[in-house]
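New to this one? Here's a quick tour to read alongside the model, topic by topic.

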Amino acid sequence: MSYPLSVNISVEAPIENQIQEIQYDGTEIYQPPLTLSENLSKCAARIDFAKSSSEPEVVVKKEDPEKKEEDPKDPQFQSSLWPWDSVRNKLRDAFTEVCVLSDVLAIAKEKRYMVLDPVPQEPQETKPIVQVYARKKALGNAANILLGGADRLRNTHSEQRNNRNTSDFHIELLRLRQNWRLKKVSNSIIGDLSYRTAGSKFMHSGMFEVTKAEDDPSGASSPPGSPAASAAGALPNPKNSALRVNVPSELQGVAYIKVITQKDQEDLCTATVNLLGHGPNITQQTGIWQKTLEFAQNVLFCKELFNQLAKEAVQIQAPIPHVVVGNQIRATLLPGIQLIISLCHSTSFDSTNSGPINDHDHVLEHSLHQLLREVHYKNTHHPFPHPASGPLGPSKKRILAGPTAADRYELLEMTKSQTLLEQIIAQAQHIFMRKRTQYVLDTLARDVKDPQIISHWNAMNSPTMSCVKIKIITHGYDTVYRTSLLIHVKERSLKCICRDGRVMHMSYEPQELRDLILCQINRHQMTGLLNVARCMAWQTLSNSNHLGIGSVEPLGNASSCLLASPNGDRLIAVQIRCDPQIDVKVYIAQTPRKDFFPGPLVQGKYWEHLGGHFKEVRFDKLEGKNFLNKMEYLMASMSSS
């Protein structure tokens, strides 16, 4: 059965690839599919540029003989369904046009076959009155511009004649550009107060606008950058400035960061951080806008520093979590001691808070500046890889970890780094430990008159470790014996190095340091007494630093010694205990005994040389300036009698 109209059916290639080879074991090897470039090359190779698009392809279809007889003169034409026919036809047409254009150019250039002459056009009819009006309008616009410029020059000249103190706008703009970054955006002059060029990543733009004083619609200057600027009487009148700076409202006012070490609502250490007062004072040479920009940049600096500290306080997992509430950060340094970092920003000048701080820590203030600058430096300065094809980012130590065969512990130490807040907390802990150590040493030096305690603090210290050398001497006997020890004050601990090489570690409790110093005083007194006795030819019969008799001492151990005179007829027993204060007791005995009488049991006379009972001496009534001086007098009197 045949239909009068044919239907085109598109046949797609099967999804399976063609079989290229069948091996002996039955494995079929398929031919890989063509890539897009190979398929394009295959299709392009099938283009026949010899055929014209005007020659339609005749499709002859087989039909029944009856129908041929009915329509013998009705051939059916159908264009090819090949997708590249349109491409071939367009390329052929373009080639034909290029050939025709080449022939026309050849004929026009050689001028042997044809000469091309321009065709005259009819001249357009022009009206003189229109040209006159156009030129008059253009000249009027130019005259208005010139008259406006002349008026501005005349006004400026008259203002300079009336007021000689008015500075030139361009001169002040040049001075402003010498100290601040400026750029021209459209018809405005925009400045930058931020630290982006130094490596800052703070979100605030820190932009300010520079305008001319006469261009301000209100005729007044920009909002004051700081109320303190108006309080300075030496500054020039802002009306004399030819330019005005407009800073954002969030950068106006006075700002500073206050760091307080607090214990039981009592401030132990205070530090104030800002940018004011640093660098040369160039306000007198520049203008009032310099003070405004300095205060605005100070606000931006304080906000960036507090934002960095607050972000780290939230991220750090401390044993006692840090608290960030509003413009205040609370961190625990030691039990009962807190570090409070506050951002103080006000647009009004309060004279009560402008006074100097008595207990200001300049080291902590300098550390906050230095640590923020270090963060900026690390953001822009990365260690260069070695070799050049290596990764960018690892430090020099990590790069050398392979050649130096670093172990796991060393690699972990390389990855550890302290944040800005952790370094500030460590420095605040050290400051508190140093003040506590100073207080303990000063209290002992005040309370203990004999012997004398002398402290020498090292001037060259690090922000997290200080060194103090303690000397214990007796006045007048410093050449006989002196005790010296070295104490390293760290963040949360103390390290004591004695003269004999012993090393003792102590915690942050002040009582441990006090007990150590008292024990060292006890040992100093006993050792000094033995040296004095040796100089006076007295014999040491016994010496014990750990006396096991008597009541139990609340601190340390009691020490004692037994001394005999050169003749052996006098004995001195000394006992020193480390109570809350140094307690000294002295006992004496003599031979022969005056209360010895021979009896039926003890008949020999020689038993009287055993020595009598020890009698306690009222040591506080003896003559002498100190312990060793009194003992020297006692031994001298007992030797001569």
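**Helix 8 and what surrounds it**

With 28 residues at 1.5 Å a residue, helix 8 should span 40 Å, and its end C-alpha atoms are 42 Å apart, which agrees. Keep in mind that this is a predicted model. Below, we stay with helix 8 for a moment, then move on to ring pairs, a sheet and the cysteines.

**Helix 8**
- Helix 8 is mostly covered, with 21 of its 28 residues buried.
- One residue to look up in helix 8 (residues 288-315) is Phe301, which counts as buried because its relative accessibility is 1%, under the 20% cut-off.

**Aromatic pairs**
- A pair of aromatic rings is described by how far apart the centres are and by the angle of the planes.
- How many aromatic pairs are there? The count comes to two.
- In one of them, the rings of Tyr195 and Phe301 have centres 6.3 Å apart and planes at 65°; that angle is over 60 degrees, so the pair is edge-to-face.
- Tyr195 sits in the loop between strand 4 (188-192) and strand 5 (207-212), while Phe301 belongs to helix 8, so this pair ties together parts that are 106 residues apart in sequence.
- Tyr195 has 13% relative accessibility, so this residue counts as buried.
- Then there's Phe619 with Phe627: the ring centres are 5.6 Å apart and the planes stand at 50°, so this pair is tilted.
- Phe619 and Phe627 are both buried.

**A five-stranded sheet**
- Go to strands 12 to 16 and you'll find an open sheet of five strands, in the order 12-13-14-15-16, with antiparallel pairing.
- At the edges are strand 12 (452-457) and strand 16 (503-506), each pairing on one side only.
- On average, neighbouring strands in this sheet are turned by 20° against each other, ignoring direction.
- Strand 12 and strand 13 (residues 466-473) run antiparallel and are joined by six bridges.
- Which residue of strand 13 stands opposite Ile454? Lys471 does.
- Helix 12 (residues 420-447) packs on the sheet and touches strand 12, strand 13, strand 14 (483-489) and strand 15 (494-497).
- The direction of helix 12 makes about 155° with that of strand 12.

**Cysteines**
- A disulfide is a covalent bond between the sulfur atoms of two cysteines.
- This structure holds zero disulfides.
- Is Cys561 buried or exposed? Cys561 is buried, with a relative accessible area of 3%.
- Cys99, at a relative accessible area of 31%, is partly exposed.

Methods: Residues are numbered from 1 along each chain as its sequence is written. This is a predicted model: local features need pLDDT of at least 70, side-chain atom pairs count only at pLDDT 80 or more; totals for chains, interfaces and linings use all residues. Side-chain values use heavy atoms; hydrogens and water are left out. Two strands pair if DSSP finds at least two bridges between them. Helices (H or I, at least four residues) and strands (E, at least two) are DSSP runs, numbered from the N terminus. Axes are lines fitted to C-alpha atoms, for helices over the stretch in contact, and angles run from 0 to 180 degrees between N-to-C directions. Contact means heavy atoms within 4.5 Å. Rings of Phe, Tyr and Trp (its six-membered ring) pair if their centres lie within 6.5 Å; planes under 30 degrees apart count as stacked, over 60 as edge-to-face and the rest as tilted. Buried means under 20% relative accessible area, exposed over 50%, partly exposed in between (1.4 Å probe, protein chains only). The expected span of a helix is 1.5 Å times one less than its number of residues. A disulfide is a pair of cysteine sulfur atoms within 2.5 Å.
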